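Student: Could you take me through one part of this model slowly, the place where chain A and chain B meet? I'd like one connected explanation, please.

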Amino acid sequence: MPVQPPPVKRQLAAVFDMNKCLGCQTCTIACKTLWTDEEGMEYMWWNIVSTMPGEGTPRGWQKLSGGFQDGEPRPSRLPKLSEFGHAWEFNYEDVLYGGQGMNQHLQPKTGDDNWGPLWDEDQASGAYPNSYFFYLQMICMHCTNPACLAACPRQAIYKRVDDGIVLIDEERCSGYRFCMEACPYKRIYFNQAKKVSQKCILCYPRIEQGVAPACFRQCPGRVRFIGFLDDEESAVHKLVKVWKVAIPLHPEFGTEPNMYYVPPLSPPLFDDNGDVIEGSERIPRQYLESLFGPDVNRVLDTLRTEMAKTRRGEKSEMLDTLIAYEWKSMFGGFTRDPGTLKRPV
Amino acid sequence: MQAAHNEAAIFFRLSWADDTKDDEIADTDQFPDAAAVLLPVKGDAPLLSMGSPDYPVNAWYWRPDLEAPFSVTARGLGTTVRSANGGVSGRGVYGAGGWSVVISRRMWAETADVAALHPGQQGKVAFAVWQGSGGERAGLKAVTLEWQPLEIEG
Ligand code: SF4
Ligand code: SF4
Ligand code: SF4
C-alpha cells in the first residue's frame with residue numbers, strides 16, 4: 001500500500017530566490033551558532049548553500065536515491081562521516097603559538113582530508129568565458145509526505161498538525177537512522193555523542209513567537225521568504241500558488257517538499273569572437289531540468305517575460321515581490337524582532 | 001546459551017560467533033552489535049510482533065557501546081519504551097571470534113510492565129542478537145523464532 005501523508009491543518013513553506021543569493025553562508029552560520037554548536041553536532045550543517053553544478057553535501061547526495069517512487073519507498077544508503085566532511089580542528093597551537101610555524105603548515109588535525117561540505121564552493125562548470133555556477137540553499141524540506149517519518153519504526157518523527165514542521169522526538173529516537181537513509185535530500189545528521197538523529201527544526205521555537213527562522217532573518221541577500229502556504233497575503237503563497245514561479249527541487253523524489261525555488265536565470269554565452277550570442281543562456285536548461293523537472297522552462301520564460309515588461313517601463317508586482325523592497329514583506333507575518341524574545345535560562 | 005539463578009537473581013549467558021567486533025558507533029553508517037533476552041510479561045504474548053497491547057513483551061537489551069543493559073517493554077512492533085529496570089545488569093566480552101554476554105536481573109518483578117520471574121516457574125524465553133557490521137538494528141536482527149521453555153528450578 002502506498003505511504004499516506006500525515007494530516008496537517010496548515011503548512012509553512014519557504015521560497016528561495018536563487019537569483020539573489022550571494023553565497024555568503026550567513027544563513028549557514030546563523031543556524032550553526034543557534035542550534036548545532038554542541039558536542040556531537042560539530043559536522044552538522046542543517047542549513048548549507050552549495051555551489052551548483054556540484055556535489056553538495058553529503059557528497060553526491062542527489063545520486064543516493066531514497067524518497068518514494070509510485071508511492072513506494074525507494075531504497076538508499078547511509079552516508080559516511082567522510083562524505084559529509086569531518087568538522088576540522090586545525091593545528092593552530094603548533095603553527096601559531098608552538099614555535100613550529102617554520103616546519104609545519106596549517107592543516108586539519110585529522111590529517112589529509114579530501115572532502116568537506118563546501119569543498120567545491122565557487123567552482124564553476126563550463127569553459128571560460130562561458131563558465132557558470134549558482135547557489136543552492138538547502139535545509140530540511142518539511143515535506144508533505146516525509147520519507148523520514150514513514151521510515152522510522154519507532155514513530156519518533158512527527159509532523160506538526162498546526163504548521164507542518166517535521167520534528168524528531170529525541171526521547172523516542174533510538175539512533176537507528178532509517179530516516180537518514182530514507183530522506184532523499186539527505187538532510188538528516190546522526191549525533192554520535194547523543195546517539196540520535198537530528199535535523200533542521202525550522203526554528204519552531206522562533207516560529208511559535210512570530211519570529212522568522214534564523215537563516216531567513218539573517219540573510220543579507222533577501223533570498224528567503226517564509227509563510228503559510230494558504231496565507232493569501234504572504235509572498236510565499238503568491239510566488240508558489242498565484243504566479244507559480246517558485247518550484248520544488250527534485251519533485252520526482254516523491255516527498256512533496258515545502259521549500260520552493262525561484263530557479264536561476266543566466267547571462268548569455270559569448271561566441272568565439274567574444275560577442276554576445278543574443279537569446280542564449282549560460283546555464284544549460286537540461287541541467288536545470290535535472291534539478292527541477294521540465295516545469296523550470298515555464299518558470300524561466302515567465303520571469304523573462306516579466307523582466308521585459310519592467311524594461312518597457314511597466315510595473316511587475318511579481319518582480320517587486322521578489323526584489324523585496326521592504327524586508328517585512330518576505331516573512332508572512334513572522335516579523336517580530338528576535339531581540340524582544342526572552343532567552344531560556 | 002546458558003542460564004543460572006541464585007534465588008535472588010537470574011543470569012543468562014549468550015555466546016555467539018561474530019568475526020567483526022562492533023563495539024561502538026564508529027561512523028554515521030555504522031551500527032553496534034547487540035543482544036537481548038526477551039520474556040513475556042504475561043501469558044501468551046506474541047513473540048514475532050513484539051507483544052500486543054494486552055500482552056506485552058519485556059526485553060533486557062545489551063549493547064557494547066552503552067554503559068549498562070536496560071529494560072524495555074513492547075506492546076507491538078515499534079512500541080518499545082524503557083521500563084522499570086528492576087536491576088537489569090550485565091557485561092559483554094569479545095574474544096576468540098565471538099561475543100560472550102551475561103545479562104541478569106533480580107527475580108520477581110517490582111512493576112507490572114516487566115516479566116515476573118521466580119523459582120519454580122515454568123515460563124518462556126527468547127533471544128535476539130544484532131550484527132552491527134551488517135547494518136542490523138531494530139527489527140533487523142537474528143531472533144529465536146519461537147518462545148523457548150524456561151524452567152526456573154525451585
Ligand atoms: S527533507 Fe528529508 S528530513 Fe526533511 S521532512 Fe523531507 S524527508 Fe524528512
Ligand atoms: S530554519 Fe532554523 S533550524 Fe532550520 S536550517 Fe534555518 S536556522 Fe537552522
Ligand atoms: S541564502 Fe542569504 S545568507 Fe544564505 S548564502 Fe545566500 S545570500 Fe547568504
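Tutor: Let's start with a term: a polar contact is a pair of N or O atoms within 3.5 Å, where, within protein, one must be able to donate a hydrogen and the other to accept it, and residues adjacent in sequence count only if both atoms are side-chain atoms. This is a predicted model, so local features need pLDDT of at least 70 and side-chain atom pairs count only at pLDDT 80 or more, while totals for chains, interfaces and linings use all residues. Residues are numbered from 1 along each chain as its sequence is written, chains are lettered from A and ligands numbered from 1 in the order in which they are written, and side-chain values use heavy atoms, with hydrogens and water left out.

Between chain A and chain B, 14 residue pairs are in polar contact, both at pLDDT 80 or more. On the chain A side, α2 (81-84) and α5 (178-182) each supply at least two residues (helices are DSSP runs of H or I, at least four residues, numbered from the N terminus). α5(A) gives the most, with 3 residues.

There are also 4 salt bridges across this interface, a salt bridge being a side-chain nitrogen of Lys or Arg within 4 Å of a carboxyl oxygen of Asp or Glu. One of them joins K80(A) and D27(B), at 3.6 Å from N to O.

As for area, the two chains bury about 1500 Å² between them, 46% of it on carbon and sulfur atoms; buried area is the accessible area (1.4 Å probe) that two parts lose on being put together, summed over both. In chain A, Y176(A), R177(A) and K195(A) lose the most to chain B, together 33% of what that side buries.
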